[in-house]
Amino acid sequence: MTTDGQDHRPPLEVGAARSKIDIRTRVLAQRDGLSGAERAGLSERITARLLALDAYRNAGCVLAYVGFGGEIDPTRFVAATLSQAKSLVLPRVERGSRTLKLYVVQDPEQQLEPGVWGIRQPRADLCPEISATQIEFVLVPGVAFTRDCERLGYGGGFYDRFIRGLDPRPALVAAAFALQLLPELSMSDTDQRIDRVITADAEYQRNG
């Protein structure tokens, strides 16, 4: 990171034969190499861009996520959604069925518990479940992305299955550090593209 506060790291070179596992390993290692100060500063700038999106501003029901590891910190995004009287929805991973269940959360401090992989998720006994048809904006997590909004997730396929089943389709937006943007990704038939990728300094939209 340079003294002007911008993330000018070059994109990771990717060959067509490189496996998804290798890409995840390399990108996560770079992402986890950011200092706490870098992560906090970039997260703040990315969040400001997210909150300024028309798709977010016009949405009354927003699906977000609780960050873990070296992910962008979504704390301010979650707090802003609650403060704007939008419905905040968080996912609960159902490992057996390999699906996401969605719950409206009003008090993250009191209504979340450790779940799969230690990620905090809604308590089903405290939060009302909601249908995906009510979601208008989705903050989508991921490991790597391209400028054409291709996405590489963590390998469980939860969000690919979730996105594939959405009808109607809400705005699907990812927040990423610049180092998570790759020149290309090898996409399978089940991999789902999203609509936008937001970094600290740029916004990329899906073509077609």
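**Salt bridges in the predicted model**

Lys20 comes out as partly exposed, with a relative accessibility of 27%. This is a predicted model, and Lys20 is a handy place to start, since its side chain pairs up with Asp191 in a salt bridge. The closest N and O atoms of that pair sit 2.7 Å apart. Asp191, for its part, is buried, at 14% relative accessible area. The two partners lie 171 residues apart, so to speak at distant parts of the chain: Lys20 belongs to helix α1 (residues 20-32), while Asp191 falls in the loop between β9 (171-175) and β10 (196-198).

Helix α1, which spans residues 20-32, turns up again with Arg31 and Asp32. These two also form a salt bridge, with 3.9 Å between the closest N and O atoms; the pair makes the list because the cut-off is 4 Å. Arg31 is buried, at just 4% relative accessibility, whereas Asp32 is partly exposed at 46%.

Further along, Arg123 and Asp125 bring their side chains together in a salt bridge, 2.6 Å from N to O. Here Arg123 is partly exposed, with 28% relative accessibility. Asp125 reaches 56% and therefore counts as exposed, the threshold being over 50%.

Not every charged group stops at a simple pair: Arg92, Glu94 and Glu113 are tied together in a network of salt bridges. Overall, the model has 12 salt bridges, among them the Lys20–Asp191 link, the Arg31–Asp32 contact and the Arg123–Asp125 pair.

Methods
Residues are numbered from 1 along each chain as its sequence is written. This is a predicted model: local features need pLDDT of at least 70, side-chain atom pairs count only at pLDDT 80 or more; totals for chains, interfaces and linings use all residues. Side-chain values use heavy atoms; hydrogens and water are left out. Helices (H or I, at least four residues) and strands (E, at least two) are DSSP runs, numbered from the N terminus. Buried means under 20% relative accessible area, exposed over 50%, partly exposed in between (1.4 Å probe, protein chains only).
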